[in-house]
Amino acid sequence: MIKLNDEQREAVNAEGNIVVTACPGSGKTRVLTARVLRALDERGTRQGRVIALTYTNRAADEILARLDEQNIEAEGLWTGTIHSFALEWILRPYAPYCAELRHGFTVVNEYFARNLLTSLKRSAGLNWFDAVSTARKRDGADCNDTTVTRDVYQAYKAELRRLQVIDFDDVLYLAFRLLQDRPEIAATVGAITRVICVDEVQDIQDLQFAILSSIYKAARNKPALFFVGDEHQSIYESLGAMSMSPQLIAEEFDLPGIRHLELHGNYRSTQRIIDLYRQFRPTVGIITGLSTGAAELGHVTFDNLTIGKDRLAAAIAERISAALMAGVAAQDICVIAPQWDHIKPLARQLVGLLPEVDFDAPGLSPLHSSYENFWFKIARLVLTRPSPKRTRTRTQWAGEAITELRHIVAFEPPENIRTPRRLLRLLNSLSSIETDGLMFLSDVFAQFLRHIALDVETCLALKQAYEGFFGKAEEHFANVEERLPRDIGSFQRLFNHPSGVVINSCHGVKGEEYDTVIAFGLLRGYVPHWNVIYTKPTEVAQDQESKLLYVICSRAKKRLHLIAESGRTTRRGVSLDTANLLRTLRCTFD
């Protein structure tokens, strides 16, 4: 079982509805995982599902990986993002009750949606940093506050309708509307739910709260609620997240009250790193380092405009090499980018500079933008080797693939893949002599279709998903700048856990921890983003900057490298300066 301290054990064993708040490194994810294990153990053979909701797919995979380390049956568990939950539990099974969905629907990937919105903003004369929200309120209205941004939003939605697709904000709104229009759906989902665990509760949007509260309030036998979070790490507010107090959570769920527990102490970082990042959030109480290495000095550096943009990749490569030479595992090193746009170009450069090092970055995967595609779900099962430590992860993936197939073909899957275990047994038996990654997958997919007696040409939705999967991958390979490897070994490494040096944004790695963190782009305009600086009150921008830096620095255990590189400019050629709070930071750097 998972080892817990007294505070953590109290939170896991507490009865009723619970909100746990805690500082970085205090064991929030550990507590959430232990609460899931307790719920599964108490469930026994009884009906009812345990739901564990996370903000990102990476976080969901991390919980599954932790559960794989525990030898407990987890058939009653479902874990994933709230968007995946809404798709799998509400939209797909009940699509016939929704006018926008009853004739079939496809969810566009974030890459397509972001590019479409950028193009429409440009056509409307907006700057790239001007915020246009695609989120919707409970009444269906948009969240934009100017005529031009509303016009861009309407043009964006019109294009989605023309293409007969929906985006992830539509997923939330349509799921909520179904629960409101058809209370029996909310009651049905509530009836099969025993426990709802929510990670990073401070980053949940209003519609996400509304979906969960609708299910809870409609349930005759109320599921237990278990929330964990930290208001000081709420960095999704610009994307519509709401940092709700325990009192507001109780009001949302019509509860007379909800028990609030706190965790203290940090089991992750050296005290030196803790004292550094506490400066960004002075209202946070004293945080004591409790890890075995808390007293170590570690290594903390700050390059303040001393590294030019053109030498940035080389400087980061040097720090990665130094950590590897010190015995740090590749997967325990993380490079944090200030924005998504900075990830792909840096990842390509680092692969060229360190060809012998494995990297885990969105821009390095030709399959990255196909997460909701049925063939992506089959591909990751084919590309991950069967292992006792990954049984539960692969079982959930198999269940998701079966659900998706039911939605696509609109009939019950064949007997030989009707359960996750049967699907895994079939996929584990398939093989190919092809060494090219896409040719390997094409061969295995053809074998899979023959085994289930299904012709992709006879099912339009399945064919579109197939063509979309391979088409997007080929687009990545056709881009000579990306220089992605095509061999099957590289494809298999995409789904290894852990797989290599992580390159991601601070939003993408929140909740994670690494021995070595290298953060670059710590400049005003990136931290926080220009649209926050220009469109929000000064105090809001300052608060957002402090939270971003707090989250970035608190990911590190022993080695923290901060870089505010020179050479970055605005479109008008004005040089970007170091983020305000870093200029006043009190710390003796190495």
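1. Confidence first, since this is a predicted model. Mean pLDDT (the predictor's confidence in each residue, from 0 to 100) comes out at 89 for the protein, with 96% of its residues at 70 or more. Among the elements, helix α3 (residues 57-68) has the lowest mean, 77, and strand β11 (residues 514-519) the highest, 98. Where pLDDT is low, the predicted coordinates should not be read in detail.

2. Some bookkeeping. Residues are numbered from 1 along each chain as its sequence is written, and side-chain values use heavy atoms, with hydrogens and water left out. Local features need pLDDT of at least 70 and side-chain atom pairs count only at 80 or more, while totals for chains, interfaces and linings use all residues. Helices (H or I, at least four residues) and strands (E, at least two) are DSSP runs, numbered from the N terminus.

3. Now the sheet. It is open, has 6 strands in the order β7-β12-β11-β8-β10-β9, and the pairing is parallel (two strands pair if DSSP finds at least two bridges between them). β7 and β9 (359-360) stand at the edges with a single partner strand each, so one side of each has no neighbour in the sheet.

4. Going through the pairings: β8 (residues 333-337) is joined to β11 over 4 bridges, in the parallel sense, and Val335 has Ile518 of β11 as its bridge partner. β8 also pairs with β10 (residues 501-505), again parallel and over 4 bridges; here Ile336 stands opposite Asn504. β11 and β12 run parallel and share 5 bridges, with Tyr514 partnered by Ala556 in β12.

5. How enclosed is β11? 6 of its 6 residues are buried (under 20% relative accessible area, 1.4 Å probe, protein chains only), so the strand is largely enclosed by the rest of the structure.

6. Helix α11 (residues 271-278) is worth a look too. 6 of its 8 residues are buried, so α11 is also largely enclosed by the rest of the structure. The buried ones are Arg272, Ile273, Ile274, Leu276, Tyr277 and Arg278; note the two arginines in that list. They pack against β7 (299-308), α21 (538-553) and β12 (556-566), where contact means heavy atoms within 4.5 Å.

7. Last, the pairing of β8 with β10 belongs to a sheet that carries helices. α11 packs on the sheet, touching β7 and β12, and its direction makes about 45° with that of β12. α21 packs on the sheet as well, touching β8, β11 and β12, at about 130° to the direction of β12. Axes are lines fitted to C-alpha atoms, for helices over the stretch in contact, and angles run from 0 to 180 degrees between N-to-C directions.

Technical notes
Buried < 20%, exposed > 50% of the residue type's maximum accessible area, 1.4 Å probe, protein only.
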